[in-house]
Structures are given as C-alpha cells and as structure tokens.
Amino acid sequence: MKVHPTIIMTTQTEFSKRPEVTVDTMGKVHNPSGQGVAAFSSKKKTTNTDKSSSTHQPQKQNDHETRKIEEGSARRNITRKKTDSSTTGHYDSRNKKHGGAGKGKWVGGGNKHSDHLTLLDDELPLDENDPLYVAEEDADPSSYVLSSHETADELRISGAGPSAYDADNDKAVYGPMLTCAEFKIRVSDAVREYFDSSDADEVVRCIDEMKCREYHPEVVKRAISLGLDAGPRERELISRLLACLHPNPLSDDCLELGFEVLLDSMDDLVIDIPDAKAMVGSFLARAVVDEVVAPAFLSNRNNSHPGDCVVEKAVQLLSREHCTARLEKVWGPGDGRPVSELKSAMDQLLKEYLLSRELDEAASCVRELKAKHFHHELVKRGVKIAMEEDGRDHASKSSSLDAMAALFKFLVQNSIVSEFQVAKGVQRLEKILPDLKLDVPAAPSMLDEFETLAREQGFLHIPSPKA
C-alpha cells in the first residue's frame, strides 16, 4: 500500500503546531496518567551529564570513599580499588591480596629473597609444650605408622618389634599392613584367580605377602562364600586350598575362628543361597577328614549352639560308613574324580576327535572336563595317541599329528588350554620318549615334527633342544 506524501506532511505540520509537546511533557501527552513511564528530572539529567564529563579526569584521593549519590537513595558508589572498570576496562586479579603464605607457599625469615625457605606442607617439628604432646609416642614419630587394627598400639607400647616395613613411607609398621576391607578385597581377587589357575601356592604367597595375621580368619569365610556361588569344581578347589593353607599361614585357631564367623553369618548366606547350610556342612566335614579342623570343634560348637543344623549335617556325613572315601568325592565325580577317570575321559575324546575331526565338539568336551590344571596330560596323551595311530614306521607325512596340532592350536586360540600347559605336556613327552620308542620306533622324529608344527602355528614357545 502506497502512502500519499501529502498525508505525511499534514501529520508533521499538525504535530509541530502543538505547543504542549515538549521533551518534558512528551510522555504525558501520549500517556496522560504517566503510569509506567520514567520521567527524568532536570536534576537527574544534570547529574548524569556531570558524571560523563568527569569520566576521563584523574581520580582524586577520596574518589574511593563511600558516599551517597543523592539524598533519600540507598545507592552507593562502591568500586574496587585500583580495578575500576571505567579506567582499566577489566578486573585485574593480580592486585588481589592472597593473604599470608597459604598451602604450598614458600615462607622464609621475613625476606622474600631469603635462602632459608621451607614449604608449609613439610612436616614441622613437634612442640613439646603442646598439651597434646606425649613424649613416649611423639618423641620419634618417624619410627612407626599407626595401623587400623586395635592391637597395633599394644604391640608397640609393649616393646614388640614391628611386623613389617613400609618402603613407600620409610617407616616400620606395627600390626597389619592393610585395613580389614582392603584385606577382604585382595583375598577375594586371589581366590577368583585361583579358580582359573588352580595354583594354591600362589594364594599362600599372596596371603603371606599381605602380612595381616590378625585378619586370617576372614580367609576361611571369604573362600567358602565364593565357593558357594560357584560350581562343584570350585568347591573342590576350596577344600584343597584350606588343606594347603594349614598349618601355615592359617593356624588351627585361625581356621576354627574362621568357621565360627562363617557359621554365625549363615542367616545372611541363606538369603542368597538357599542350600548354603547343607554345603557349609559338607565343607566342615571335608575339613575334618583332611585334618584341617579337629573333631572336637564340632562337639564344642554343638555344646555352645545346640541345634545348629550345619554342625548336625557335618556330624551326619562323618557318621556314615566309609565316610573318608565318600567325603573325598563330596562335590561329585565331575571335579573330584580320580586321575584315572580323567585319563580315561581324555583318551575317549581324543580318539573320537581323530575319527570325526570336529574341533568344536572336541573343545566342548575339553571344557566339560573342568580340569585346567590337568591339561598338560591332555597334550601328552593326544600326541602319544597320534603317534600310535600313524603306525610304527614313520615313512610318510603324519596326518594324525597334523590333526592333533590343529586341535591344540584351536584350543589355545580360544583360551581353553594355556600355552604353559602345552609346553608342560611336550616336556613330559620328552621325558618318557625312551619308553615310547619301544612301542613306536619313529617317536623321536614324530615328536620333532609335532614341535615344529606347534612353533610354526604359534602355540608352543619353548626353545628347540637342537638350537
């Protein structure tokens, strides 16, 4: 829409003829009530003009004094000293006072260029006049470390020697090196690793290195509690571990106290594991058969806690005929089976593999054995069976040896059999090679061929005897 220019000129002319429209009355003409319109007085305008004109003038000595801008107003001219935004344009924090020497500040003898400077974080000498100063404890504070165990102070005051030495802090330690919570975490990690490696000696070394004899009863509780959550193989390993830990590092008192702590916490275990009472009873009976716990412990516990179903279960298992032989297999034949049964199962699966050549089926059978600690026997018997299958004379290429090498390569790649177990099995074969040579005259050359294949395929890393 186009506006005619005569209309605009008329409007401007009429506006200029209105004498009441001025700078002071412009807001009131369009808004007669004046509500919501800030009307500036000539006094306020004059004040703003004076401020703008004095912006670039040098500041006087009393410019930073707090004063009122106008009478009846609560506003003050509060500004930061030496950091006025009108003069500098930004806040300069370098002029801010940091106080005295704070944490990590260097302090000297009054002169900032002094050569004798020390950090406040460093340990300052103790004041003998301090009301909290105790001469017998604080005379040489670097000679000991306070421990979390309540008997640490008693050992130190009694004159007993330190139980360990903390190399990180360069101080002797009285009492355990760790807190009870830290000890439980490390024991749990060691037991879980033991489930994979079946190396009880490593657990013994781990407990000895922690140097926490005051917490040794917790080993029994933590180990059995983890065994309850696992399968029969792990429970059998726990029973064997308790036999390895006795009498060193776990004494008779530690083991009995550990079982007492475990029995006292049965109400909590039953919530997560309904069969916990029956399994703990089996652990307790097996410990008596292995001579880890004395039979008198059961009678004493029965007298102090009559009607304890866990103790009654253990007594019932020990009262059966041939209880010793039965409790040696209390966790079933799958894991506590004798060595002869394991060897028979290995021979069967290896012969079936040479007929079918199915790697997945053979790997599944090896897993079901649940005998990682005995896989060296699997390697030994596998290579021996392959030699016997190829015949007494070694004239052509051995197809059975190639198939056996492919099997062990598959098992190592899938983390079913470790390289250590393969190397141990080959070393055992080398020891019985003279006897094996009577049945298979070409056994030495066939064993060399298998070792060559194993090194080429990357699952055997022991050096060649010819090298």
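How many cavities of 30 Å³ or more does the structure hold? The answer is one. Before looking inside, note that this is a predicted model.

Confidence comes first. The protein chain averages a pLDDT of 75, and 61% of the residues score at least 70. The mean is highest in helix H9, residues 217–229, at 95. Confidence is lowest in strand S2, residues 118–119, where the mean is 48. Where pLDDT is low, the predicted coordinates should not be read in detail.

Now to the cavity. About 40 Å³ of space lies in the largest cavity. Its lining is made up of Ser239, Leu242, Ala243, Phe283, Arg286, Ala287, Asp290 and Val292. Two helices each supply at least two residues of this lining: helix H10 (232–245) and helix H13 (276–289). By character, the lining residues divide into five nonpolar, one polar and two charged.

Arg286 and Asp290 are part of that lining. Their side chains meet in a salt bridge, with N and O 3.0 Å apart. Side chains of opposite charge can pair when their charged atoms come close. Arginine 286 has a relative accessible area of 6%, so it is buried. Aspartate 290 has a relative accessibility of 27% and therefore counts as partly exposed.

Salt bridges appear elsewhere too. The count for the structure comes to twelve. One of them joins the side chains of glutamate 377 and arginine 381, again at 3.0 Å from N to O. Both residues lie in helix H20 (residues 375–390). They are four residues apart, so about one helical turn separates them. Glutamate 377 is buried, at 1% relative accessibility. Arginine 381 is partly exposed, with a relative accessible area of 22%.

Which other residue forms a salt bridge with glutamate 377? Arginine 428 does, and the closest N and O atoms are 2.6 Å apart. This pair links distant parts of the chain. Arginine 428 sits in helix H22 (residues 419–431), glutamate 377 in helix H20, and their positions lie 51 residues apart in the count. Arginine 428 is partly exposed, with a relative accessible area of 25%. Shared partners also build a network around the cavity residues already met: salt bridges join Glu236, Arg240, Arg286 and Asp290.

Rings form contacts as well. The structure holds six aromatic pairs. In one of them, the rings of phenylalanine 183 and tyrosine 215 have their centres 5.7 Å apart. Their planes stand at 45 degrees, so the pair is tilted. The two partners come from distant parts of the chain, 32 residues apart. Phenylalanine 183 belongs to helix H7 (residues 180–197), while tyrosine 215 lies in the loop between helix H8 (200–210) and H9. Are these two residues buried or exposed? Both are buried.

A further pair brings together phenylalanine 408 and phenylalanine 450. Here the centres are 6.4 Å apart and the planes are at 85 degrees, an edge-to-face arrangement. Phenylalanine 408 lies in helix H21 (residues 399–413) and phenylalanine 450 in helix H24 (residues 443–457), so the pair ties together parts that are 42 residues apart in sequence. Phenylalanine 408 is buried, with a relative accessible area of 0%. Phenylalanine 450 is buried too, at 0%. Ring pairs also bring in Phe459, linking Phe408, Phe450 and Phe459 into a cluster.

Conventions
Residues numbered from 1 in each chain as written. Predicted model: local features only at pLDDT ≥ 70, side-chain atom pairs only at ≥ 80, totals over all residues. Heavy atoms only, no water. 1 Å grid on protein atoms, 1.4 Å probe; cavity = no way out; pocket = protein on both sides within 12 Å on 5 of 7 lines; lining within 4 Å. Points joined across faces, edges and corners; volume = space filled by probe spheres on them. Nonpolar A, V, L, I, M, F, W, Y, C, P; charged D, E, K, R; others polar. pLDDT = per-residue confidence, 0-100. Phe/Tyr/Trp six-rings, centres within 6.5 Å; stacked < 30°, edge-to-face > 60°. Buried < 20%, exposed > 50% of the residue type's maximum accessible area, 1.4 Å probe, protein only. Salt bridge = Lys/Arg side-chain N within 4 Å of Asp/Glu carboxyl O.
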